[in-house]
Amino acid sequence: MNTIAHALFANILLLLGAPEMATPTNLVINALAGVAVDLDHIPKLGKAVRTLRFGQSSRTRWHELQGLLASMLISVLATLYSPELGRVILVGAVSHYFLDLATRPTRPLYPLSDATVFLEMAPMSLRGLFAYDTVLTVTMGVIWLWSLNGLGLLQL
Amino acid sequence: MEPERLGPAAAVKRWFDRLLGRLPFLAELNPDQLSGLGLLLSLAVYYFLSREMIGASILVLFAALFLDVLDGVVARAQGKASEEGWVVDVAVDRVSEALISLALSRLVVLVVAFNIALSLYSYMSRRHLIIPIRQVLLLALVMYFLVGADGFHLFLDGVLFRM
């Protein structure tokens with residue numbers, strides 16, 4: 001899923017599940033945690049520009065279950081410093097793995113196994129995927145604005 | 001081949017196969033989409049738990065677990081049971097647990113993290129060693145919902161939401 005969708009979805013999970021933590025600073029940290037997992041795509045950026053997509057081969061172990069495990073442990077460690085900060089990071093990180101698993105082919109056990117998982121809840125063709133991503137991102141944008149407005153963080 | 005399930009887990013799997021395996025519509029269902037639907041229901045469980053709407057979270061969690069059982073039954077009925085199917089199951093279950101744990105205590109988050117490590121170990125050792133966290137959570141939530149505000153309720157409240 002695209003970077004904007006990951007940031008929006010991380011924020012939406014925080015806004016809906018823990019609105020009391022939804023300060024502007026926390027929302028930024030949460031969004032950063034939601035997109036940070038994609039940093040491992042950077043070395044594959046050139047190929048993605050040529051083929052117009054990041055395939056599952058561009059995902060390292062940190063983008064799969066091993067990464068989810070590491071994210072959860074880091075978040076719990078962060079709660080020792082600040083329970084709120086840890087929770088905000090955890091929500092962002094988990095949201096990324098959820099969205100990727102729901103909408104993209106992934107290799108959950110990589111590098112132990114190359115077995116690919118695709119839950120068939122999104123189209124496979126490039127054109128279909130573009131339309132799907134656009135609709136989902138715009139929908140999440142609307143929910144995000146609506147949630148911020150509801151909490152008084154944004155006046156629409 | 002998928003990692004071998006241990007005695008009780010294998011017995012439960014056979015029992016569900018006998019109970020649900022003859023349903024007439026199984027051939028029409030897609031096991032991966034059933035897994036995906038169960039994953040989406042985890043979102044609702046997270047939302048209800050974070051609002052402490054325990055009754056609603058019990059109902060949706062039960063539905064998610066039913067879909068989790070059904071996808072395996074459908075896959076086996078269609079002859080699609082394989083190592084890939086096991087990986088789908090493991091991935092959906094672990095991410096679902098992680099999502100639900102966002103509304104719960106740090107203790108639960110740590111148990112979920114441990115379960116992910118167990119899943120990786122299961123693949124390497126070819127033995128299916130997993131803690132059924134969502135099933136245990138469902139049981140704990142039902143008890144939490146039913147028992148009055150006594151010591152046991154406070155204990156569950158601490159373990160599930162506060163620690």
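# Exercises on helices, loops and the chain contact

In chain B, helices H6(B) and H7(B) are oblique to each other. Here an angle under 35 degrees counts as roughly parallel, over 145 as roughly antiparallel, 65 to 115 as roughly perpendicular, and the rest as oblique. Helices are DSSP runs (H or I, at least four residues), numbered from the N terminus.

The model is predicted: local features need pLDDT of at least 70, side-chain atom pairs count only at pLDDT 80 or more, and totals for chains, interfaces and linings use all residues. Residues are numbered from 1 along each chain as its sequence is written, and chains are lettered from A and ligands numbered from 1 in the order in which they are written.

**Exercise 1.** Describe how H6(B) and H7(B) cross, and list the residues that make the contact.

*Solution.*
- Step 1: locate the helices. H6(B) covers residues 133-146 and H7(B) covers residues 151-162.
- Step 2: take the axes (lines fitted to C-alpha atoms over the stretch in contact, with angles from 0 to 180 degrees between N-to-C directions). They come within 9 Å and cross at roughly 140 degrees.
- Step 3: find the hand. H6(B) passes H7(B) in a left-handed crossing. Left-handed means that the near helix is turned anticlockwise from the far one by less than a right angle; clockwise is right-handed.
- Step 4: list the contacts (C-beta atoms, placed from the backbone, within 7 Å). Ala140(B), Met143(B) and Tyr144(B) come from H6(B), and His153(B), Leu156(B) and Leu160(B) from H7(B).
- Step 5: sort by class. The contact has five nonpolar, one polar and no charged residues. Nonpolar covers Ala, Val, Leu, Ile, Met, Phe, Trp, Tyr, Cys and Pro; charged covers Asp, Glu, Lys and Arg; the others, Gly among them, are polar.

**Exercise 2.** Work out how H3(B) and H6(B) are oriented and which residues join them.

*Solution.*
- Step 1: the axes of H3(B) and H6(B) come within 10 Å and cross at roughly 155 degrees.
- Step 2: that angle makes H3(B) roughly antiparallel to H6(B).
- Step 3: the crossing of H3(B) and H6(B) is left-handed.
- Step 4: H3(B) brings residues including Ile54(B), Ile58(B) and Leu65(B), while H6(B) brings residues including Arg134(B), Leu138(B) and Phe145(B). Tyr144(B) of H6(B) takes part here. Tyr144(B) also belongs to the contact with H7(B).
- Step 5: by class there are eleven nonpolar, three polar and one charged residues in this contact.

**Exercise 3.** Place Leu107(B) and find its contacts away from its neighbours in sequence.

*Solution.*
- Step 1: Leu107(B) sits in helix H5(B), residues 106-125.
- Step 2: Leu107(B) has 16 other C-beta atoms within 10 Å and is therefore partly exposed. A residue is buried with 20 or more such neighbours, exposed with 12 or fewer, and partly exposed in between.
- Step 3: setting aside neighbours within four places in sequence, Leu107(B) is in contact with Val159(B) and Met163(B).
- Step 4: Leu160(B) lies 53 residues from Leu107(B) along the chain, with 7.8 Å between their C-alpha atoms.

**Exercise 4.** Is Glu52(B) buried or exposed, and which loop holds it?

*Solution.*
- Step 1: Glu52(B) is in the loop between H2 (31-50) and H3 (54-77) of chain B.
- Step 2: it is exposed, with 11 other C-beta atoms within 10 Å.
- Step 3: check the backbone. Glu52(B) has a positive phi of about 55 degrees, although it is not a glycine. Most residues other than glycine have a negative phi, and most peptide bonds are trans.

**Exercise 5.** Find the backbone features of Glu120(A) and of the bond from Tyr110(A) to Pro111(A).

*Solution.*
- Step 1: Pro111(A) is in the loop between H5 and H6 (126-150) of chain A. Glu120(A) lies in the loop between H5 and H6 of chain A too.
- Step 2: the peptide bond from Tyr110(A) to Pro111(A) is cis, with omega near 5 degrees.
- Step 3: Glu120(A), not a glycine, has a positive phi of about 55 degrees.
- Step 4: Glu120(A) has 13 C-beta neighbours inside 10 Å, so it counts as partly exposed.

**Exercise 6.** How many residues does each chain give to the contact, and which helix of chain A gives the most?

*Solution.*
- Step 1: chain A gives 30 residues and chain B gives 33 residues.
- Step 2: H1 (3-17), H4 (65-81) and H5 (83-103) of chain A each supply at least two residues of the side that touches chain B.
- Step 3: H4(A) gives the most to that side, with eight residues.
- Step 4: by class, the side of chain A that touches chain B has 24 nonpolar, five polar and one charged residues.

Technical notes
Contact = placed C-beta atoms within 7 Å.
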